[in-house]
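Please open the structure in the viewer and keep the sequence at hand. The tour proceeds by selections, each followed by a description of what is found there.

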Amino acid sequence: MTPAATIRLGATVAATVYTVALFVLGLYPTQLRFVFAYIPALVGYLVIVFDKWAWRWPGIHHFIGRPWVGGTWRAVLTPSPKSRIPEGGNRGPITTYLTIEQTYWSLHATLRTAESSSHSSNATVNAPENSGTAEIRFLYENTPRVEHQPRSPRHEGAARISVTGRVPTAATGWYFTGRFTAGDMDLTLINRGTDYGTFAQAQAADPDHSPTM
């Protein structure tokens, strides 16, 4: 379980148990003198609301330095000429789709290509105080479709993506893989949806997609 999930679960359990205990003791919130007894439970539920949604609401997000990068992005990869791409491999540019699931305390990235999918680990957003820029960093494990694994085996890698502003819609970055390939990334936000399960679904939602991309 991730630290963010642990925080949410702990807040939910603690607030619920506390609320139930108040009811068992006959301390009902309908009685004005007992209203303040429910404040700790309310705080517990507010922690969950903040982590999942409230941190990016306009009035609150203005005071929070963390950028909102959640959604699905078109990521065009341009491999370095020195990358050790196997015979028959794609030398780019390669159109991929990066889906970022984000709460205040957690981040998970999934990158899909026509041949494989990559899932992040240790994903973070590094946003220096009083700076308009931030950097998304994550390690990932790539799993190609079985038909492509003889040429493109499973591997691990890392990526860094730089964003500017609280609600960025474009970004740049770079990636490095354990297969001794590396390259640049140019990203454009498509929408805030994160429920695309395949490359084809994300591609269908891309308004600028064309068969030649």
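Select Ala41, Gly44, Ile48 and Asp51: these are the buried residues of helix 2. In this predicted model, they cover an arc of only 95° around the axis, which puts them on the same side of helix 2. An α-helix has 3.6 residues a turn, so residues three or four places apart point the same way.

Next, extend the selection to the whole of helix 2, residues 39–52. Does the length of this helix agree or disagree with what its 14 residues should span? At 1.5 Å a residue the expected span is 20 Å, and the end C-alpha atoms of helix 2 are 20 Å apart, which agrees.

Now display the full protein chain, coloured by secondary structure. The chain has 4 helices and 8 strands. Read from the N terminus, the order of the elements is α-α-α-β-β-β-β-β-β-β-β-α. Of its 213 residues, 37% count as buried.

The next stop concerns aromatic rings. Over the whole structure, a search finds 6 aromatic pairs. One of them is formed by Tyr104 and Trp105, with an edge-to-face arrangement: the rings are 5.4 Å apart, centre to centre, with 85° between the planes. The angle counts as edge-to-face because it is over 60 degrees. Trp105 is partly exposed, its relative accessible area being 39%. Add Phe50 and Trp55 to the selection, and one aromatic cluster is shown, made up of Phe50, Trp55, Tyr104 and Trp105.

Keep Tyr104 in view and select Arg66. The charged end of Arg66 sits over the ring of Tyr104, at 4.4 Å from the centre of that ring. For another arginine placed over a ring, select Arg192 and Trp68: Arg192 lies over the face of Trp68, 3.9 Å from the ring centre.

The final stop is inside the protein. How many cavities of 30 Å³ or more does a search of the whole structure find? The search finds 2, and the largest cavity has a volume of about 40 Å³. To see its lining, select Leu98, Ala109, Thr110, Leu111, Ser118, His119, Ser120, Phe138 and Tyr140. Which elements give two or more residues to this lining? They are strand 3 (107–112), strand 4 (116–126) and strand 5 (133–144). Colouring these three strands separately helps to relate each lining residue to its element.

Note on methods. Residues numbered from 1 in each chain as written. Predicted model: local features only at pLDDT ≥ 70, side-chain atom pairs only at ≥ 80, totals over all residues. Heavy atoms only, no water. Phe/Tyr/Trp six-rings, centres within 6.5 Å; stacked < 30°, edge-to-face > 60°. Buried < 20%, exposed > 50% of the residue type's maximum accessible area, 1.4 Å probe, protein only. Lys NZ or Arg CZ within 6 Å of the ring centre and 35° of its normal. Expected span 1.5 Å × (residues − 1). Arc of directions from axis to C-beta. 1 Å grid on protein atoms, 1.4 Å probe; cavity = no way out; pocket = protein on both sides within 12 Å on 5 of 7 lines; lining within 4 Å. Points joined across faces, edges and corners; volume = space filled by probe spheres on them.
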